[in-house]
Amino acid sequence: MRRSAHARWAVGAVVTALAATACGSAGWSGGGNGGAVLTSSWGDPQNPLEPANTNEVQGGKVLDMIFRGLKKYDPRTGRARDWLARSIETRDSRNFTIRIRRGWTFSNGEKVTARSFVDAWNYGASLRNNQKNAYFFGYIDGYDRVHPDSGGQRADTLSGLRVVDDHTFTVRLNQKFSGFPDTLGYAAFAPLPRLFFTDHAAWVRKPVGNGPYAIASYTKGAQMYLRKWDGYPGPDKARNDGVTLLVYTDSNTAYTDLLAGNLDLADDIPAAQLKNVKGDLGDRYINTPAGIIQTLAFPFYDRAWNRPGMEKVRTGLSMAINRRQITDTIFRKTRTPATDWTSPVLGAAGGYKAGLCGRACDYDPARAKQLIKEGGGIPGGRLRITYNADSGSHKEWIDAVCNSVNNALGDDKACVGNPVGTFADFRNQLGRHKMTGPFRAGWQMDYPLIQNFLQPLYYTGASSNDGRWSDEDFDRLVDRANAETDTARAVALFQKAEEVVRDHMAAIPLWYQNGNAGYSDRLSHVALNPFSVPVYNEIKVG
Amino acid sequence: MGRYVARRLLQMVPVFVGATLLIFLMVNVMGDPVAGLCGEQGCDPATAAQLRRELGLDKPLWQQYLTYMGNVFTGDFGTAFNGQPVTELMATAFPVTVRLTVVAVLLEIAVGITLGVVTGLRRGRPVDTGVLLATLVVISVPTFVTGLLLQLLLGIRWQWIKPSVRSGTFDELIVPGLVLASVSLAYVTRLTRTSIAENKRSDYVRTAVAKGLPRRRIITRHLLRNSLIPVVTFIGTDIGALMGGAIVTERIFNIHGVGYQLYQGILRQNTQTVVGFVTVLVLVFLVANLLVDLLYAVLDPRIRYA
């Protein structure tokens, strides 16, 4: 019976395949939901969770829970406050002596010492470790040897860092930078335990830090359970028993889960749901300013955009955009029209100055048309705004901006969007200086300082100066501001520099972005910090 | 039979090499992986150059491909950008997607063929018209609409199911499986119906009826078996399509399967993930097709492989 032999063989293969898939389904229910543990939506972090290697908000969420640095940014005001630092002293804004508090430990019991910081910073700066935030250490003396722009690495450690004793170390910068202490709340400056260096693979599998939470279990790409660390020595102890972060494939699904009572906290409400969110959640929806500004940047490496007189065209374009209408209708007030190049989260003392842009950011179609005409018109006769179409609602607002420009100029074809398929390809084209017109530029602050909104974006050759704008006056003012020891005077100088950006309209400010989140009725005391990350340790459950 | 299988397996080699080469080229056209790796704020040029060197991206493309294929044959699919080996991603993603596919295929077989037989035997009756209309509706509505609708109704309004999948066990995957299968299910119904209706009038069925065989036996042993060949072909090729095409369903129901990994890999320009997963999908497709061809022999005694 030849045929039935075939049959048995084929059926057997199918059965084996079925059996193979059936096993392996058990496991990873993981984070125990007993006690006051809340669930929160999460996205898969793009990089391993090393502090100096995490430059996006999903990984930042975890670091914010498991690490505490020398400074901590107040979740409400954004002001940098001494945390592990007992004092940070300097006389010349260049040499700093940092004393750290006693009694702090990592959650594995190891003491936090000066060396925990110095070793971590040396690791972060070293070229061979491929850390994406390495340039944060660029102000420290010896960075050019540890992380040269080209050629091999010539030193292993930063010569500007020196351990004095267990609780003291000194930092020498390669230039004056009065704001330096206030940058130290950024995650990249977190201390690291010895385990990080001795058994790096184990540490990455389950990171150990010194924050109010300790990681109890971590299934990559799926979920992380952070348990409250009872031995946490700091004043900001967790007020819940733990947090389970769940990776969602889509923010819409997280929102659906929140509505179904399946999730406690969703911190990225999808744009499509914004019109329902008030009805769905009532006062369990929060919408607060975050340190994010969206702008349109220009390709200054393109002669057509860089010739004298073009600032009139750029200013005209800025005046042709009806910001208020777009933030109200498309973003449903989750953005606020921008009137300067920083963010309201800085506060007036920190350098935010509403209205600094002046008339150049007011919607005035008649004047816009006139200015663009005076400036010689749009290069090539047509504006193509490049953006990545794979995330956010970029297409919607770019189309709206173009619509606004077209209406102002009375020309249906004056402006079109130029979508690029993926963010990576968009970055790629930016990096190769391929733009022929304005492009979407968003900036999320690393630390709440006016310096962070200006220098990385507009300083000659700066890391995120994608349009290659360059202006001597601006550079000089930034240098002077960085050297200024008095904070108020430094801020005033930065604002002067910002005025240079305005006069040249180096980038068109569009709107300040808010962070938003929704939560279940089990929770109370939910807030977002200026980095649009939920302040987990303050959340109460039940 | 053995020789036939061996020949078919050998034929897979060039298909496999060609397919992977095409994917490799396509992924590389998408742009620079390092740009994706560095994210919104970008890396400094020194780090970017170093990464490019370590990932071998500074080498010519053909050399990259050869190195990659060499590694693949030793079971090394490279490392994803978050530091996980791609094989580890596969080990978590494929079981979930395979379970989802199994649910979908079982639904296709159980519901699709049953409906097909019922309507095929009762051609022109109200049942037939009703089911035909229903399949037309299912085919014309896009999957994401069906998915979101079912999620909203069953998950939020009536609270029968949890709207999202957590661990990916079979019971959680029934509704997503139904959504994934819906369109194919409609096709299976229509295919079976046509096939049954046609064979019902054939000589061997008339002979069987004349012999006085019980109706049930005629339908299952004679009619259905001969009518299933086109259906099996469809389901077989559909397995590959279901596994790779579950991107939409997986996103809606939060299933961390192959579709999700592919989607994320493409967004983040993660060449290693994309090429690795697609390579495995190509293999699945090839094997599924081979199994279909072997099943022909089971269903139709006239087909022999030597």
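**Talking through a predicted two-chain model**

Modeller: Let's start with chain A of this predicted model. Four strands there form an open sheet in the order E4-E5-E7-E6, with antiparallel pairing.

Colleague: What makes E4 and E6 of chain A stand at the edges?

Modeller: Strand E4 (85-90) and strand E6 (161-165) each have a single partner strand, so one side of each is left without a neighbour in the sheet. On average, neighbouring strands of the sheet are turned by 20° against each other, direction ignored.

Colleague: How do you know that E4(A) and E5(A) pair?

Modeller: Pairing needs at least two bridges between the strands. E4(A) and strand E5 (residues 95-100) are joined by five bridges in the antiparallel sense, so they count as paired. Have a look at A:Ile88, which stands opposite A:Ile98 in E5(A).

Colleague: Which helix lies across E5, E6 and E7 of chain A?

Modeller: That is helix H3 (residues 114-125), running at about 170° to E6(A).

Colleague: Now chain B, please. Why is B:Leu242 called buried?

Modeller: The cut-off is 20 or more other C-beta atoms within 10 Å. B:Leu242 has 26 C-beta neighbours inside that distance, so this residue counts as buried. You will find B:Leu242 in helix H10 (residues 215-244).

Colleague: What is B:Leu242 in contact with, leaving aside its neighbours within four places in sequence?

Modeller: B:Thr101, B:Ala104 and B:Leu180. In addition, the C-alpha atom of B:Leu242 is separated by 8.7 Å from that of B:Val105, 137 residues apart along the chain.

Colleague: Why are H5(B) and H13(B) called oblique to each other?

Modeller: Their axes come within 10 Å and cross at roughly 50°. Roughly parallel would need an angle under 35 degrees, and roughly perpendicular runs from 65 to 115. The angle of roughly 50° fits neither, and the two helices are therefore oblique. H5(B) passes H13(B) in a right-handed crossing.

Colleague: Which residues make that contact?

Modeller: From H5(B) they are B:Val86, B:Leu89 and B:Met90, and from H13(B) they are B:Gln272, B:Thr273, B:Gly276, B:Phe277 and B:Val280. By class, five are nonpolar, three polar and none charged.

Colleague: And between the chains, what makes H1(A) stand out on the side of chain A that touches chain B?

Modeller: H1(A) gives the most to that side, with seven residues. In total, 51 residues of chain A are in contact with 58 residues of chain B. By class, the chain A side has 19 nonpolar, 21 polar and 11 charged residues.

Terms used:
Residues are numbered from 1 along each chain as its sequence is written. Chains are lettered from A and ligands numbered from 1 in the order in which they are written. This is a predicted model: local features need pLDDT of at least 70, side-chain atom pairs count only at pLDDT 80 or more; totals for chains, interfaces and linings use all residues. A residue is buried if 20 or more other C-beta atoms lie within 10 Å of its own, exposed if 12 or fewer, and partly exposed in between; C-beta atoms are placed from the backbone. Two residues are in contact if their C-beta atoms, placed from the backbone, lie within 7 Å. Axes are lines fitted to C-alpha atoms, for helices over the stretch in contact, and angles run from 0 to 180 degrees between N-to-C directions. Angles under 35 degrees count as roughly parallel, over 145 as roughly antiparallel, 65 to 115 as roughly perpendicular and the rest as oblique. A crossing is left-handed if the near helix is turned anticlockwise from the far one by less than a right angle, and right-handed if clockwise. Ala, Val, Leu, Ile, Met, Phe, Trp, Tyr, Cys and Pro count as nonpolar, Asp, Glu, Lys and Arg as charged, and the others, Gly among them, as polar.
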